Each structure stands twice: as C-alpha cells, then as structure tokens.
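Subject: Handover of a structure and the findings on it

Dear colleague,

Please find below the structure that I am handing over to you. The findings follow directly after it.

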Amino acid sequence: MASVTIIPPREKTPDTLRIAAYCRVSSDSSDQLHSYASQIRKYTTKISEHGGWELVDIYADEAVTGTRADKREDFNRMLSDCRKGKIDKILVKSISRFARNTKDCLVALRELSALGVTVHFEKENINTETLTSELMVSVFGSLAQEESISIGKNQRISYQGRMERGEFITCCAPFGYQLVDGKYLVIDEKEAEIVRWIFDSYLSGCSTTQITAELNRKKIPTVYGGKMWHQQVVKKILVNEKYIGDSLCQKTFTTNAFPFTRKDNHGEVCQYYIENTHPTIISKATFERVQALRHRRAQRIQKPHIEYPLRTKITCNVCGSTFTRKASRGGYVTWVCRKHDSLAAACPVGRIPESEIYTAFVRMYNKLRLHEGIILTPALAQLDDLNTALQRGNPAMLAVNKAIADATEQNYKVSQLRARGLLDESACTAKLLDINAKLTELRRERRQLLKNEDIEDVIDALHQTVDTLRAGPETLDSFDENLFADLVEKIIAESQTCIRFRLYGGIELKEQLREVRR
C-alpha cells in the first residue's frame with residue numbers, strides 16, 4: 001500500500017494589512033466636531049504606528065444622518081474601494097457609528113465578508129473574522145436602530161402635542177418673518193415689503209417666471225441670504241398661509257420605519273390649521289384673490305412636452321452655449337447655438353440640419369464598429385495602466401485629511417475659549433472665519449483629489465460603451481435613438497460643417513458634414 005503524507009493547507013496572510021478607518025459624527029455641534037477631529041487623529045496615529053499595517057485612508061462623514069447609508073458619501077466611497085481590492089481591514093469606533101439601520105449594517109458586512117474585508121468595532125470588541133460576529137452585530141445593530149426610532153418617536157410626539165394645543169407654529173421662519181426664542185414669528189419689515197410686492201405683481205398679471213427674473217435683476221437676497229431666486233420659491237410664497245397670520249402644521253411628515261424619510265403630506269397623517277398665530281403681512285382678501293387666479297391659470301391647456309434625442313446634447317465649441325431646436329412650418333428641422341440665435345454676430349456657429357447630425361452618427365457608428373480594436377482597445381489599456389499607478393497609494397489624500405482634522409480641532413478650541421469668556425468676541429469671530437475658510441479650501445482640495453482618483457468610473461463607462469457597441473448591429477442603416485442615447489454623452493459643434501461625438505468614457509470622434517445653408 002502506498003505511503004500517503006497529508007500536507008495541511010496553509011493560510012496565506014499578507015505581510016502587510018491595508019487598513020482603513022471609518023469615522024462619523026451625527027451633528028454639527030462643536031463637541032461632535034471635536035469628536036470627529038479626534039477620531040481622525042486617533043486612527044491616523046494608531047494605524048501608522050502599528051507594525052504590519054499600512055494606512056489606506058481615513059473615511060469620514062460629518063454632520064449627516066446615520067440612518068440612511070445612501071446619504072454618507074465617504075461610507076459609500078469606502079465600500080467602493082473595498083470592491084476594488086484596496087482594503088483588507090476597517091476600524092470603526094462602534095456599531096452605531098457604522099450604521100443605525102440593522103438591514104444596511106448587515107448588507108454591508110456580508111458584502112465586505114464576501115470581499116475578504118474584515119471590520120473591527122472597538123467599543124463592542126467585535127471582529128467580523130469570528131464566526132459568531134454577525135449574530136452579535138445584528139443584536140447591537142437592532143439596539144442602535146431602536147434607539148434612533150425611540151428618539152425620533154419622542155420628538156414627533158412632542159411636536160404633535162404642541163400642534164394639538166395650538167402652540168406649534170414652525171421650526172423655520174418663512175421669508176418676511178423672524179423666529180424669536182424658537183416660538184414667536186415677528187415681521188421683518190424689509191423682507192415683508194418684498195412679499196407684498198410679489199403678491200401685488202402676481203395680481204397685476206406677472207407670471208412667477210417674470211417675478212423671479214425681476215427679483216434676481218434687483219439682486220434681492222433670498223430667505224437664507226442667497227443670491228439667486230428660483231421660480232419654485234416664489235410659488236411657495238404665493239400659497240403660504242403664514243402671510244395671513246395662520247399656521248398649517250404638518251405639511252410634511254417623517255416616516256416611522258427605517259430609513260426615515262420626509263414626505264409631503266397628502267392626507268397620510270393629520271394636519272392642524274391654527275388661526276391668528278402671528279402678525280399678518282398679506283390680507284386674507286388679497287391671499288384668496290391670488291389663490292383664485294392661480295387656479296384659473298392652472299386650468300389653461302398646456303402643450304404636451306415632447307422629448308427629442310438631441311435635446312441638451314449639443315454644445316457650441318466656440319461660445320459654450322447649448323443648441324436649441326428650430327422647426328419650420330414645412331417640417332425642416334435644424335439645431336442652432338442659442339447665442340447665435342439671439343444675435344448672429346455673437347457666435348459664428350449657425351444652424352445645423354437635424355438630418356445631417358443623424359447621418360453623421362450613422363457614419364460614426366459604422367466606422368467605430370469596424371475599427372473597434374484600433375480605436376477603443378488602446379484607450380482602455382492606457383486607462384488600466386493609469387489606474388494601476390493611482391492604486392499604489394495617495395499620500396496627498398492623507399495629508400489633506402490630517403489638515404482637516406487640525407483645522408477642526410482649532411475650531412473646537414476657539415469655540416470653547418469663547419464660551420468661557422476667555423477670548424474677545426471680535427477676535428474669536430475673525431479667527432473662526434479664517435478657520436472656516438481654510439476648511440472650505442481643504443474640502444475643495446479633497447473633492448478634487450477624489451475626482452482625480454476615481455478613474456475607475458471612466459474605465460467602467462468605456463467598458464459599457466464597448467459592450468453597447470458589440471451588442472449593436474454590425475451595420476447601421478438609419479438613426480437609432482436608443483443606440484445614440486447609450487453611446488453618445490455629448491456632441492460638440494466645431495462649426496456648421498464639423499461636429500465631434502463624445503462617447504461615454506471620454507473618446508471623441510470627429511465627423512464632417514456637408515455644406516449647410518445659413
């Protein structure tokens with residue numbers, strides 16, 4: 001009988017573990033910002049000093065809700081990097097920092113487990129490498145979720161009681177008012193004049209579009225001090241009962257189940273109409289006339305909206321304007337640069353027949369289908385090489401994260417000094433302005449680094465373009481609207497006789513048009 005020696009399998013462990021840390025704070029208070037800075041500093045030091053660990057990145061979300069995973073940009077970026085094979089282990093302070101929604105928590109952990117990524121929760125001392133971790137995480141996650149539900153429920157009960165007693169007005173003052181002590185609405189006379197002008201203008205025949213344009217022309221600040229008015233804001237002012245001194249409570253409501261979402265109330269929950277809660281800006285007679293006029297205007301028959309394949313797709317290479325569609329009574333359709341259409345001398349790129357653009361797309365598709373290996377394959381190879389170089393690490397991202405942590409720490413310390421009366425108010429304000437300006441610049445730099453690093457999206461888009469091309473017909477005889485939408489991101493009009501098709505993934509192909517009439 002043959003001699004058999006059993007050689008047991010060996011677990012292959014990497015010499016260096018690639019470590020990431022996830023931090024989150026749930027409000028924008030100074031204490032929480034301090035916690036945010038401390039977490040970043042702590043993990044940066046801990047990972048860099050641990051033998052056999054290599055820091056990938058510190059993923060940090062600030063001042064956002066933890067009940068919805070899709071609201072956390074860095075959490076989703078971390079999951080994306082795990083899918084790309086950049087991370088071996090994730091450190092988190094606690095389960096409640098990772099997710100307050102048990103379902104999202106377990107979905108994320110199962111995916112990470114399948115990817116070979118482990119998670120260590122420090123507070124609960126749970127490591128997902130152990131067999132029983134998921135059960136433990138489910139228990140702790142459920143507790144965290146119940147805590148969030150309980151807090152939200154208590155807040156809603158408090159608001160409900162105040163509404164029933166007629167004590168609740170609003171959490172946020174509408175344009176024209178100021179909220180005093182969180183309870184009383186008082187008129188802001190300067191803004192109130194604008195509100196009266198909006199109502200009078202509407203009754204005199206102006207549309208909401210015209211009113212919006214005039215507000216922007218006069219550079220009147222919005223309710224939050226912004227510079228740009230929008231038509232929807234004007235419409236909301238015209239229907240807001242607050243201006244006649246009444247309060248309709250619970251126009252929106254928050255769902256009871258996870259994930260919590262705010263929805264418009266169309267009868268799902270009770271509403272409370274409380275009369276004479278605060279001073280009036282508009283008389284009830286004026287308000288009712290406006291509502292009647294709105295109703296009459298809404299009854300007018302509107303033309304049905306038609307979507308055209310080229311709509312918003314064509315951009316002028318000379319002035320940057322979007323092209324607009326023009327159709328003659330005889331059915332002749334052209335697309336023209338908006339600036340040229342307003343004033344021919346403003347831009348030399350004039351009208352291009354729609355049929356010529358369609359024909360050019362057919363020619364471009366057929367050439368691309370025939371020469372795919374020459375055009376697309378080298379581009380994909382270059383992008384793959386660049387992506388490999390980027391994945392070797394990005395020390396600039398680590399430096400920006402450290403700078404954000406330092407600036408946030410300074411912000412906290414200055415706020416504490418002011419609260420204790422140890423720093424002059426004017427000096428404190430000036431210092432905080434400097435720190436906030438620095439934070440804004442650092443976050444802009446961080447977004448730019450993320451944009452440069454995310455080349456995988458370009459590669460994915462180009463792969464999708466290749467797949468769409470290979471799934472399409474070998475020869476295209478006429479314009480295919482669906483194929484055009486799947487392949488072409490934008491058309492750049494260089495002139496009336498030359499256009500470039502920019503495909504998803506960044507490839508641009510030029511097509512000459514025949515001479516066209518002006």
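Glu 189 is partly exposed in this predicted model, because its relative accessibility of 43% falls between the 20% and 50% limits of that class. Its side chain meets that of Arg 196 in a salt bridge, with 2.8 Å from N to O. Arg 196 also counts as partly exposed, since its relative accessible area is 23%.

A second pair consists of Arg 325 and Glu 354, whose side chains form a salt bridge at 3.6 Å, N to O. Arg 325 belongs to strand β13 (residues 323-327) and Glu 354 to helix α11 (residues 354-370), so this pair ties together parts that are 29 residues apart in sequence. The partners fall into separate classes of accessibility: Arg 325 is partly exposed because its relative accessible area is 26%, whereas Glu 354 is buried because its relative accessibility is 12%.

Strand β13 also contributes Lys 326, which is joined to Asp 341 by a salt bridge with the closest N and O atoms 3.0 Å apart. Asp 341 sits in helix α10 (residues 338-342) and Lys 326 in β13, so the pair links parts that are 15 residues apart in sequence. Asp 341 counts as partly exposed because its relative accessibility is 31%. Lys 326 is likewise partly exposed, given a relative accessible area of 29%.

Shared partners also join salt bridges into one network, made up of Asp 57, Asp 74, Arg 77, Asp 81 and Lys 86. In total, the structure holds 23 salt bridges. Several residues of the network lie in helix α2 (residues 73-83), where Asp 74, Arg 77 and Asp 81 are among the buried residues. Phe 75, Met 78, Leu 79 and Cys 82 of α2 are buried as well. The helix is followed by Gly 85, which has a positive phi near 80°.

Turning to helix packing, two helices that pack together are described by the angle between their axes and the distance between the axes. For helix α6 (residues 189-203) and helix α7 (residues 208-217), the angle is about 145° and the axes are 10 Å apart. The crossing of α6 past α7 is right-handed. On the α6 side, the contact involves Ile 194, Trp 197, Ile 198, Ser 201 and Tyr 202. Their counterparts in α7 are Thr 208, Ile 211, Glu 214 and Leu 215.

Two backbone positions deserve mention. Most residues other than glycine have a negative phi. Lys 219, although not a glycine, has a positive phi of about 55°. Lys 219 is placed in the loop between α7 and α8 (231-239), and it counts as exposed because its relative accessibility is 72%. Thr 312 is also not a glycine and has a positive phi of about 65°. The loop that holds Thr 312 runs between α9 (284-298) and β12 (314-316).

On the surface, Val 180, Tyr 184 and Val 186 form a nonpolar patch, and together they have about 250 Å² of accessible area. Val 180 is part of strand β6 (residues 177-180). With a relative accessibility of 32%, Val 180 is classed as partly exposed.

Cys 498, by contrast, is buried, because its relative accessibility is 6%. Cys 498 is located in strand β17 (residues 498-503). Leaving aside residues up to four places away in sequence, Cys 498 touches Ile 492, Ala 493, Lys 510, Glu 511, Gln 512 and Leu 513. One of these, Lys 510, is 12 residues from Cys 498 along the chain, and their C-alpha atoms are separated by 7.2 Å.

Finally, some values for the chain as a whole. The chain has 16 helices and 18 strands, and 41% of its 518 residues count as buried. About 30000 Å² is exposed, of which carbon and sulfur atoms supply 51%. Among contacts in the chain with a separation of 6 or more, 62% are between residues 24 or more positions apart.

Yours sincerely

Technical notes: Residues numbered from 1 in each chain as written. Predicted model: local features only at pLDDT ≥ 70, side-chain atom pairs only at ≥ 80, totals over all residues. Heavy atoms only, no water. Patch = residues over 30% accessible without salt bridge, like charges linked within 9 Å, V, L, I, M, F, W, Y side chains within 5 Å. Areas by Shrake-Rupley, 256 points an atom, 1.4 Å probe, with all protein chains shown as cover. Salt bridge = Lys/Arg side-chain N within 4 Å of Asp/Glu carboxyl O. Helix = DSSP H or I, 4+ residues; strand = E, 2+ residues; numbered from the N terminus. Buried < 20%, exposed > 50% of the residue type's maximum accessible area, 1.4 Å probe, protein only. Axes fitted to C-alpha atoms, helices over the stretch in contact; angles between N-to-C directions. Left-handed = near helix turned anticlockwise from the far one by under 90°. Contact = heavy atoms within 4.5 Å.
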